[in-house]
Amino acid sequence: MAQTGKAAIYQGPQKGYAIEEVEVPELEPGSILVKVSMGGVCGSDLHIWRGDSPVWAGLVGRTGGHEMVGQVAALGQGVTTDSLGQPLKEGDRIAYAYFYPCLHCWSCLHGQFAACPNKTAKMSSGYTRFSGAFAEYYYLHPNHWVFKVPDELTNEVVTPVNCALSQVIFGLHQAGLRFGDTLVVQGAGGLGLNACAVAKDMGADKVIVIDAVADRLKMARDFGADETIDISQTTDMMERVGRVMELTGGKGADVVGEFVGLPSVIPEGMSMLRAGGTYLEIGNISIGNTVEIDPAALFVWGSKKMVGVIMYDPWVIPKALDFLVRSKGRYPFDRVVSHKFPLADINEAFKQAEWQNRQGDQTKISRAVVVPA
């Protein structure tokens, strides 16, 4: 008799998820079957939930979620170690990437795996009902990146590793953040909080965080922010830009990171940069949302740069795990996951995590996770 498990199947915008019992696929050589321990409700999942993401239509009838941690349930033929050569066996906890660079395109051949235009193709061509985090199992295809999780890290801390934390580490690396730099963080959600801690670990002298939710700004301080700017307490964009200039001695920030997913904040963030500074764009992942900018004023005359980052290269996950071990007790990563929901209550998890339409209590929720078992 074939093995089965429960999976949350996306029904469409505002229709939520339906729980179905589905068959577990046979393992190919080189693959791994993962028993999911936790699946995080990420900002991009909320975009799909609302229907303002361009990928939502392709996910109807499929399993959602990508941010997760789990245990090895079964190893495919030929799999004996993780990607760093550490022995791997059933029951080991693992962190892993949810996308698969093709290894054959121009970007991959030049070592730019995060830039692979085909990196999400396997999620469609090799799709199973266990190709998402919101299920009891996850199917890791061959040619995956997988890493054993250190025993001292809890599932709550590790769940965001393959998404928010790794994305931020790679993004700040690509933006060229250096020792002694100033970083402005636009948005103190999951990405922004991680950015505070990572930037301080990279040697940033000053981290300035901008948000409209007082509790998020308070948590940002706990994650290493030196200064915070409450949007609700300022009159307009120029007041906030002026405050950043004041905090940086009039020169502006070395790096400004957009971590909130609102195109309207881009001109403001660009205006906060010093001449020659870099604007890191991570949050805006929904195609079709636009903003009007003056390229001469915001880019050319200031010799400023914009770096767009989506996903990351393979070296990032083990670096992220090492960082969590090294900084244990320094930053409250154990507080990021604030609410847990059983798989059967996944629709309630999304309602509570939603921030755009304010269905949940955003003064209390920082990250919701779904626990399959």
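Is S303 buried or exposed? S303 is exposed, since its relative accessible area of 52% is over the 50% cut-off. The model in which this residue is described is predicted.

**Overall form**

The protein chain contains 13 helices and 15 strands. A compact globule of 373 residues would have a radius of gyration near 21 Å, and the value of 20 Å for the protein chain agrees with this. The C-alpha trace spans about 70 × 45 × 40 Å along its principal axes. Of the 373 residues in the protein chain, 56% count as buried.

**Backbone conformation in loops**

S303 belongs to the loop between α11 (295-300) and β13. Its phi is near 50°, which is a positive value in a residue other than glycine. Another positive phi, near 70°, occurs at L103, likewise a residue other than glycine. L103 is placed in the loop between β5 (93-96) and α3 (106-109). With a relative accessibility of 39%, L103 counts as partly exposed, because this value falls between the limits of 20% and 50%.

**Contacts between distant parts of the chain**

The loop between β13 (305-308) and α12 (316-326) includes D313. D313 counts as buried because its relative accessibility is 10%, under the 20% limit. In sequence, D313 and A114 are 199 residues apart, yet their C-alpha atoms are 5.2 Å apart in space.

A164 is part of helix α6, which covers residues 161-175. With a relative accessible area of 1%, A164 is buried. Along the chain, A164 and G192 are 28 residues apart, and 8.8 Å separates their C-alpha atoms.

**Aromatic pairs and a charge over a ring**

A pair of aromatic rings is described by the distance of the centres and the angle of the planes. The structure has 16 aromatic pairs. Two of them are set out below.

| Ring pair | Distance of centres | Angle of planes |
|---|---|---|
| Y98 and F99 | 5.2 Å | 80° |
| Y331 and F333 | 6.3 Å | 85° |

The planes of Y98 and F99 stand at 80°, over the 60 degrees required, so this pair is edge-to-face. Y98 and F99 are both buried. The pair of Y331 and F333 is also edge-to-face, because its planes stand at 85°. Y331 has a relative accessible area of 8% and is therefore buried. F333 is buried as well, with a relative accessible area of 8%.

Ring pairs also join Y10, Y17, W49, F134 and F350 into a cluster. In addition, the ring of Y137 has the charged end of K35 over it, at 5.6 Å from the ring centre.

**The cavity**

How many cavities of 30 Å³ or more does the structure hold? It holds one. The volume of the largest cavity is about 50 Å³. Its lining consists of E156, V157, P160, L165, N194, L324, F333 and V336. By class, this lining has six nonpolar residues, one polar residue and one charged residue. The charged residue is E156, because Glu counts as charged. N194 is the polar one, because Asn is not among the residues listed as nonpolar or charged. F333 thus has two roles in this description: its ring pairs with that of Y331, and F333 is one of the residues that line the largest cavity.

Key. Residues are numbered from 1 along each chain as its sequence is written. This is a predicted model: local features need pLDDT of at least 70, side-chain atom pairs count only at pLDDT 80 or more; totals for chains, interfaces and linings use all residues. Side-chain values use heavy atoms; hydrogens and water are left out. On a 1 Å grid over the protein atoms alone, a cavity is a set of points where a 1.4 Å probe fits but cannot get out, and a pocket is an open set with protein on both sides within 12 Å along at least five of seven lines; lining residues have an atom within 4 Å of a point. Grid points are joined across faces, edges and corners, and a volume is the space filled by probe spheres set on the points. Rings of Phe, Tyr and Trp (its six-membered ring) pair if their centres lie within 6.5 Å; planes under 30 degrees apart count as stacked, over 60 as edge-to-face and the rest as tilted. Buried means under 20% relative accessible area, exposed over 50%, partly exposed in between (1.4 Å probe, protein chains only). A charge sits over a ring if NZ of Lys or CZ of Arg is within 6 Å of the ring centre and within 35 degrees of the ring normal. Helices (H or I, at least four residues) and strands (E, at least two) are DSSP runs, numbered from the N terminus. The radius of gyration is taken over C-alpha atoms; the globule rule is 2.2 Å times the number of residues to the power 0.38.
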